[in-house]
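Open the model in a viewer and keep the selection tool at hand. The stops below go through selected strands and their pairings.

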Amino acid sequence: MLALSSFVLLLGAAPPPPMVGVSVAVRGPNGQPIANAVVTIRLVGRATPPARAGAGYAVRQQNIQFNPFLLVVPVNADVSFPNFDQVRHQVYSFSPAKRFELKLYAREQNRTVRFDRAGPVSLGCNIHDQMTAFIYVTDSAFTAKTDASGNVSLAGVPQGAVTISVWHPYLRAPGNQVSRQINLGDGAREAFTVVLRMPPATSSSY
Amino acid sequence: MASWLKRLGTLVAAVLIASPGYARAQSAIELFTPETVAAAGDIRVIGVDGETSWLDGGYGKTRFDTDSTNRGFRIEPQAVEGDLIWTPRFSWSLGGTVVATAQQGQDNAVDLSEAFLTYKPLLGGGGKLTVRGGLFWPPVSLEHTGPEWRVRDTITPSAINSWIGDEVKVAGLEAQVTRAIGGGRLSATAAIFGLNDTSGTLLAFRGWALHDQKAAAFGLQPLPPLNAFMIYAQAPKTRPVIELDNRPGFYGKLDWAPTAWLDLQAFHYDNRGNPEAVTPTLQWGWRTKFDNLGAVLTFGDWQVRAQGMAGKTLMGFAKNGRSWVDTTFRSGYMMATRNFARGSASVRVEAFGTTSLGSKLGRDWSEKGWALTAAGRRDIGKNLSVLVEAMHVDNRKDARVFVGLAPDQHQTLIQFALRLHL
């Protein structure tokens, strides 16, 4: 009986496809490297494994700036917002993926926010208009941001049809995102050329 | 014995930390903390030549001058300004700014420079609102910064912003709305104000000047020697902050920054003063209107700023359709600043002029001039800045002959300033 059920189980479960690595290079129109571009791979026709929540996600307030400028987190991540400045900050977002307001006193370091929906979140401070940052909440296990040289590598992606998307806060395209579908064979090296808008003006100090 | 005391201590601490009072020990109200109270000071060594300054009752365009007996170049130290800056917070959306200032050359040892409340609520989705109410300068200057309204990259502001500083201060209510538009930002500001009925007095009688002596709430600014008619009609010193006719004025501003490197501004001011209103102390109402255009270009470490202003002021009774004082004024400057990690270097060129067509203040009171300024600033630590500036002003005003001076005058002023900010 046990042997029969094991045999049925073995028949029902297809062998997992081989996993390969994907390298993505994101460049501007003159070949300049684009950092802080979020590359997401989704499987076509199959469920994309969700990103697993880790720990220690933080967006710091220091020297009247957010740090880092862009943070990639999985859905249901708890992100802490420690304030290392001597002044208070009123952090907020009105993005559809998360609307919230955090009144942070000087050097207050124990506040966290849970990001329970996928999508980009645009952060600002109501007291210091020049502060701006983004949190990209992802539901795909295959998401990472490009480094200063505009490159990122994702490992363990199953072979087969996949969509690769590139999102950047200032990308000049609908939804700030461009995508393409490829058939993943033994691994891929994909290059994207994107055009960015100038960063928006922060408030005038005059 | 020691262990049960320790356990008792731990229990007390746990109860305290758990109590709601401790958790919200931080209040939204911050009145007197190191972040809300600051002091600033400015001391200088100056070198200057040329005619008597307007501040000493002359026609000179700068703040300092030489001895009346010796017109040669002289060098001396000056303690110029001290400020006490209080920026309390009453809630997350409501804060205040109060600046008390002690300025060398003013009759009042200490005076009130600015006092206003700022309300900035968090609005949903994309728009920002800031409301100010109290005594403040209108948002014209591209050279001034900070609650104490100090000049950032030079010691002396341009002629345009020197005039804003010395007699265009308002008491009123101002609202500013900002929205992100496309890849940029659009901001609209409107204000209704009073207590600025004498703005224009200094421009009409003294003309333009380049200095950093600011109008204060209870203070006066000296005028140059007046002509035979005006000596009996106009007080020898003008009071910049005064309401004479109970008619509010207004100003509006549009600020468009299509990208991070360009900012364009347009500003219109009308104090709606009644030129025929006069106090027993001979302060007159002046009907002053002006437009100001501003632009800021930023590329890397360089920044270019420019302003152009044109306006008209009227005072007194009209005779055959011409008021006693009918002066149009205009000025423009362009300044290039190179920013460094801990300082900056700037060069500014400007031109200014007035056309005096009043029935009692005629063409001799017109003037034309230009100035060239070069300055450098170096920040030392968080609290100290050193600035050095050389300025040359050249101008012609025919009214100078009435006091035995040649109409064409020029002056060179060199200043070293030490600015403290605590």
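**Strands in chain B, then a sheet in chain A**

Begin with β17(B) and strand β18 (residues 367-380) of chain B: the two run antiparallel and are joined by 12 bridges. This is a predicted model. To find one position along this pairing, select R348(B); opposite R348(B), in β18(B), stands T373(B).

Next, add strand β16 (residues 322-340) of chain B to the selection, together with β17(B), which covers residues 343-356. The pairing of β16(B) with β17(B) is antiparallel and extends over 14 bridges. Go to the turn between them: 2 residues make the hairpin connection from β16(B) to β17(B). For a pair of residues in this ladder, pick R338(B) and its bridge partner in β17(B), A345(B). With these strands shown, β17(B) can be seen paired with β16(B) and with β18(B).

Now hide chain B and turn to chain A. Select β6, β12, β11, β8 and β9 of chain A, which in that order make up an open sheet of 5 strands with mixed pairing. Which strands stand at the edges? They are β6 (70-74) and β9 (98-104) of chain A; each has a single partner strand, so one side of each lacks a neighbour in the sheet. Looking across the sheet, the twist from one strand to the next averages 20°.

Finish at the β6(A) edge. Its partner is strand β12 (residues 132-138) of chain A, and β6(A) and β12(A) pair in the parallel sense through 5 bridges. Select V72(A) here, and Y136(A) in β12(A) is the residue opposite.

Conventions: Residues numbered from 1 in each chain as written. Chains lettered and ligands numbered in written order. Predicted model: local features only at pLDDT ≥ 70, side-chain atom pairs only at ≥ 80, totals over all residues. Pairing = 2+ DSSP bridges. Helix = DSSP H or I, 4+ residues; strand = E, 2+ residues; numbered from the N terminus. Axes fitted to C-alpha atoms, helices over the stretch in contact; angles between N-to-C directions.
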